[in-house]
Amino acid sequence: MEIEYINEHLLPGKIGHFLILLGFVSTMLSALAYFFAEQRKDLAEANTWKTIGRTAFRVHGISIITVMAIIFYIMINEYYEYNYVLQHVSSDLDFKYIFSAFWEGQEGSFLLWMFWHIILGFILTFKKGRWEAPVMAIIALVQVFICSFVTGVQFPIGQEGFALGISPLLLLRDTMDAPIFMNPNYTALIQGNGLNPLLQNYWMTIHPPTLFLGFASTIVPFAFAMAGLWTKDYQGWLKPSMPWALFSGAILGTGIMMGGAWAYEALSFGGYWAWDPVENMSLVPWIILVAGLHTALVAQKTGFSYKSTFLFYMFAFVFILYSTFLTRSGILGDTSVHAFTEMGLEFQLAVFVIFFAVLSLVMFFKRRKDIPSPKEEEHIWSREFWMFIGALVLLFSAVLITFTTSIPVYNKIILAFGDWFGIDWSDRLMRPPDEPVSHYNKYQLWIGVFVALLSGFTQFLRYKEPNFEGRQRNFVLIHSGVSLLLSIVIGYLMCSTAGINAWQYHLLMMSGVFAILINLDYLVSVLRGKIWVSGSVIAHLGFGLFLIGVIYSGAKKEVISKDFMSVGVIDGFDEDEITKNILLRKGLPTRMGNYLVTYEGDTLIGFTRTFNVNYKRFGKDIKIEEEFNLQPNILYNKALTKIETANPSTKHYLHKDIFTHITALPNSEVDVEGAKAAEDSLKYEQNLIEIGDTIYTSKHYVIFKGFNNAPKHKDYRPQTGDLAVGAELEIKKLETDSIWTAEPLYLIRNNFENNIGDDVKEIGLKFKCTKIDPASKKVTIEVAETKPVVPYIVLQAIVFPGINLVWLGSILCLLGLLIASLNRVREKRKLKDTT
């Protein structure tokens, strides 16, 4: 018999499903119409096809944006009958994290990706230029693939059928077969799982949309490159694509930088970049795109490097697709903390990557002989030669990163072929590096040196310079030579003063200083301080500052939470870990480097427990020179039975940061089952008392001060219909003035009596309020004595000197790209005004 469910909200899902299919069909129509518009551009019907393509793409955009609005609607209203809502939202989730919950899942992030393609497509269709048809045909075709990931259409292929994507609007009862669905009102019995605690951070509200705009924007230079090959206009596409490529580099770089800032502010690994595979595969397309920007400049100025620019723009987008495959296929599950779990989209994702990789390469090799290129070679002292060398260095960096990151893919292919041929090829598997940070740094350090040097002296070279002699040669040699000598001296002094001895760091420091000095020289002596034409100079300055910041914050990173007295005291830590962490007992000031640190207490609000740690720094005359508080926290799961994550707290200075996070708590805070067993073994004594009465224990006496009708107990989660009363207790120790407080709760919920105890760990007393007599206003307080335990935390504190140079350098680097992009638009408008 079919069950008639109640309290389900099916209309949003039905409308959303229809709009997803409409968006899918309309983007296919748009791609087809734009294709015919370009193929028949010399015929009268071309404009009709353009109009159809433009209209269909707008229908697609409106459909997908409406779907996103519907999903936000059902998430805000907590319609848990929808699987996506149940997986990512809960009743206690702050509204400000609804956006984070939306793109936490694969379906939401695909929609976010499509959203930015739609916005970019709207801008391109609004301009209605000669490149609209071929460029939009490519963009609409990409949208067909991405939209297919969220259609959820079932096809009767094979025994189990084939699902084209996964719909974000699936009902929970359509995703599983469970007894709860025998209840027509099952929606009243379920609660949402909520947002991953790691993502409950303001960075996760702004970082993903910025990063996905960066991902999405790479499609525009890719589409222009494909359009250039398609239309055989191998030069005309470059100029209109340049502002887009610069914009894409700036936005994608900003998204990556935001990810580093989130990792630094919210994660506890103590840094901003861990060479995680997912981090790597967001960086690789940006590196390739930057290489393409340099060859595009060369192509525009000299006619060289057109082929290289085609390939770089194509590879940048294809590697965006490849990173999508790695992140979403589940293949990085064992090597990355950022990857999505497997959802059955592996085949579709692989087809997505292979299709556009093959399409772009086939187009390129089919047309490569027709792409113009000067017959003579670039002169060794010309700017274009060294810019091309720099692009190759960046490509080499991307190849090295991709190779190591792709080891899991290689291993999976080897195992698949072994299974196919019935051969055990496990001995051919590659092992990822045990220490990824040192592995990558070992090679990328040299690339940083080369890029810094090239970004400096290349500025003074000229395009198409066949004769490097006379005044021009002397000018370059003098400016470069003086900058190099100053860099060697300043770099050496900076490293020596900071106590940095490794020669590799000396070399990188000198390279960073050289990039700063010579670009400042170029800005003043050649550009005369003109900001609009100094985009590349500002970007290169930023790179030099970034390198110096990396050296200082990495080589001089210092763990100041050294505690050699706690070896053997903290469970689960080896001796090396103990010496990098310090055990702080509540209320007991402890020396930590130049600071006197005190764990003053903590508060539990919702699922977040925040610890207040006081820092005091004393001067030579034993006076307090500085005092501040840091508030690292931990996040529990919804049942408060498990610690999900620890978030750091950082004291920011202009020249350094003090980074603090919790690394361990007492076993009773972590081992909930053990704590419960210990609780069950206690013997409580009952006391029937009224306001003002006193209870005596072996060392203390307890005064009942009264009732609290609005209790805020750390373990109490109010629900509608609750009747909760707190018993306010004041505890004093015999023959001392010490005072403590406790407030056990008496609770009636759903007509059942409950109680929530309270304790004072440092004096070993536990309390329960088990009965309240409304008539006599007497209360039953149960008291148990335990072994006094002074609460403690284990804390790690790290000093990052020069960390702000990392952020400043990154900002300048991206600002330079943005200025260059805006300058291109500005020049284009000036040209229009003059014509």
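In the predicted model, Trp103 is buried, with a relative accessible area of 11%. The ring of Trp103 pairs with that of Phe99 in a tilted arrangement, the centres lying 6.0 Å apart and the planes meeting at 35°. Phe99 itself is partly exposed, its relative accessible area being 38%. The pair thus joins a buried residue, Trp103, to a partly exposed one, Phe99. The angle of 35° between the planes falls outside both the stacked class, which requires under 30 degrees, and the edge-to-face class, which requires over 60, and the pair is therefore counted as tilted.

A second pair, formed by Tyr272 and Trp807, is edge-to-face, with 5.7 Å between the ring centres and 65° between the planes. Tyr272 belongs to the loop between helix H9 (238-266) and helix H10 (277-302), whereas Trp807 is part of helix H22 (residues 803-834), so this pair ties together parts of the protein that are 535 residues apart in sequence. Both partners count as buried: Tyr272 has a relative accessibility of 16%, and Trp807 has one of 17%. Because buried means under 20% relative accessible area, Tyr272 at 16% and Trp807 at 17% both meet the criterion.

In total, the structure holds 45 aromatic pairs. Ring pairs also link nine named residues into a cluster, namely Phe110, Trp113, Phe145, Phe149, Phe222, Phe317, Phe352, Phe355 and Phe356. Aromatic rings are further involved in arrangements with lysine side chains. The charged end of Lys651 is placed over the ring of Tyr653, at 5.6 Å from the ring centre. Lys768 lies over the face of Tyr684, with a distance of 4.4 Å to the centre of the ring.

At the level of the whole chain, the protein comprises 22 helices and 23 strands. Its C-alpha atoms fill a box of roughly 100 × 85 × 65 Å along the principal axes. Of the 835 residues, 52% are buried. Among contacts between residues at least 6 apart in sequence, 69% join residues at least 24 apart. The exposed surface amounts to about 40,400 Å², of which carbon and sulfur atoms supply 60%. The protein carries 71 positive and 75 negative charges, and the mean positions of these two sets are 12 Å apart.

Val489 is located in helix H16 (residues 470-498) and is partly exposed, with a relative accessible area of 47%. In sequence, Val489 and Met510 are separated by 21 residues, and their C-alpha atoms are 8.2 Å apart in space.

Backbone geometry was also examined. Most residues other than glycine have a negative phi. Glu78, although not a glycine, has a positive phi of about 55°. This residue is found in the loop between helix H2 (46-76) and helix H3 (83-88), where Glu78 counts as partly exposed at 30% relative accessibility. Lys777, likewise a residue other than glycine, has a positive phi near 55°. The position of Lys777 is in the loop between strand S21 (765-773) and strand S22 (778-785). At 53% relative accessibility, Lys777 counts as exposed, since exposed means over 50%.

Methods:
Residues are numbered from 1 along each chain as its sequence is written. This is a predicted model: local features need pLDDT of at least 70, side-chain atom pairs count only at pLDDT 80 or more; totals for chains, interfaces and linings use all residues. Side-chain values use heavy atoms; hydrogens and water are left out. Helices (H or I, at least four residues) and strands (E, at least two) are DSSP runs, numbered from the N terminus. Buried means under 20% relative accessible area, exposed over 50%, partly exposed in between (1.4 Å probe, protein chains only). Contact means heavy atoms within 4.5 Å. Accessible areas come from the Shrake-Rupley method with a 1.4 Å probe; for residues, only the protein chains shown count as cover. Lys and Arg count as positive and Asp and Glu as negative; His and the chain ends are not counted. The place of a charge is taken as NZ of Lys, CZ of Arg, CG of Asp or CD of Glu. Rings of Phe, Tyr and Trp (its six-membered ring) pair if their centres lie within 6.5 Å; planes under 30 degrees apart count as stacked, over 60 as edge-to-face and the rest as tilted. A charge sits over a ring if NZ of Lys or CZ of Arg is within 6 Å of the ring centre and within 35 degrees of the ring normal.
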